[in-house]
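Visitor: Could you take me through the side chains in this one, up close? I'd like to hear about the aromatic rings and the cysteines.

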Amino acid sequence: MGKDVIIACDFSSAGETLAFLDKFGAEKPFVKIGMELFYAAGAPVIKEIKKRGHKVFLDLKLHDIPNTVKSAMAVLAAYDIDMVNVHAAGTADMMRAAKAGLESGGKKAPLLIAVTQLTSTSEERMNKELLISGSINDVIIKYAQNTKAAGLDGVVCSPLEAKMVKEACGGDFITVTPGVRFAGGDTNDQARFTTPEMAKEIGSDYIVVGRPVTKAADPVAAYLKCCGEFID
Ligand code: C5P
């Protein structure tokens, strides 16, 4: 499995996204399309980004009753994407349904991963607002084990949690880790984050980086700095 840096293209239009990707020239970063861009620009922007030679992680975090998620995944199976996800909080049944929907297309299914706990959620909020008691690490491990039992490829978690997830679920179980910040950079709304270099040491397979690259004065230099710290 290749280690890679995925850029979270949290833009509100196809035009803005494509202009951003134009800056990268022959470099073709792995791109994450989230809710904002997908709701604004839909399938055509995925098609265009794939045509340009990028891999695409469609980050829609599906979470609904199993039958609805299965049907939605059957639709997404027709898109030429490389990775897609659900919320593990939807239960193992929902995750199994997601996998079945994704595989119903008949062609090679993209990687299917599940969000454990959003990296913006602190243990305190999880305990007090969501009424999930105990340690956030125990919840993440349980959700990761449910994800594995449902036959998915891996989870989205903080880089800080990648090691314990691998210990609980095996080295081949993929960890995709947002919540990455350069040393001394702005943390924004991320509560559980680390640097690309630390993410590499802890053992993440893919880091997802948004604002530290998209809002940088020189996004290409920021992206290459991430790759330098995480991959090389
Ligand atoms: O700008 P920033 O680097 O914080 O972007 C992180 C990206 O990763 C966002 O697109 C966010 O939706 C996504 N993400 C996250 N935490 C998760 C799952 C996804 O931050 N647990």
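Guide: Here's a walk through the rings, followed by the cysteines. Keep in mind that this is a predicted model, so every number below is computed from it.

Let's start with the rings. Searching the whole structure turns up six aromatic pairs. In one of them, Phe 11 and Phe 20 have ring centres 5.0 Å apart, and because their planes meet at 50°, the pair counts as tilted. Phe 20 also pairs with Phe 24, this time edge-to-face, with 5.3 Å from centre to centre and 65° between the planes. As for exposure, Phe 11 and Phe 20 are both buried, and Phe 24 is buried too. Step back a little and you'll see a cluster: ring pairs link Phe 11, Phe 20, Phe 24 and Tyr 223.

There's also a ring with a charge for company. Lys 225 has its charged end over the ring of Phe 182, 4.3 Å from the ring centre.

Now for the cysteines. The disulfide count is zero. Take Cys 169: the nearest cysteine sulfur belongs to Cys 157 and is 9.6 Å away, while a disulfide needs the two sulfurs within 2.5 Å, so Cys 169 is in none. Cys 169 has 3% relative accessibility, so it counts as buried. Cys 226 is in no disulfide either, with the sulfur of Cys 227 as its nearest cysteine sulfur at 6.7 Å. Cys 226 counts as buried because its relative accessibility is 1%.

Methods. Residues numbered from 1 in each chain as written. Predicted model: local features only at pLDDT ≥ 70, side-chain atom pairs only at ≥ 80, totals over all residues. Heavy atoms only, no water. Buried < 20%, exposed > 50% of the residue type's maximum accessible area, 1.4 Å probe, protein only. Phe/Tyr/Trp six-rings, centres within 6.5 Å; stacked < 30°, edge-to-face > 60°. Lys NZ or Arg CZ within 6 Å of the ring centre and 35° of its normal.
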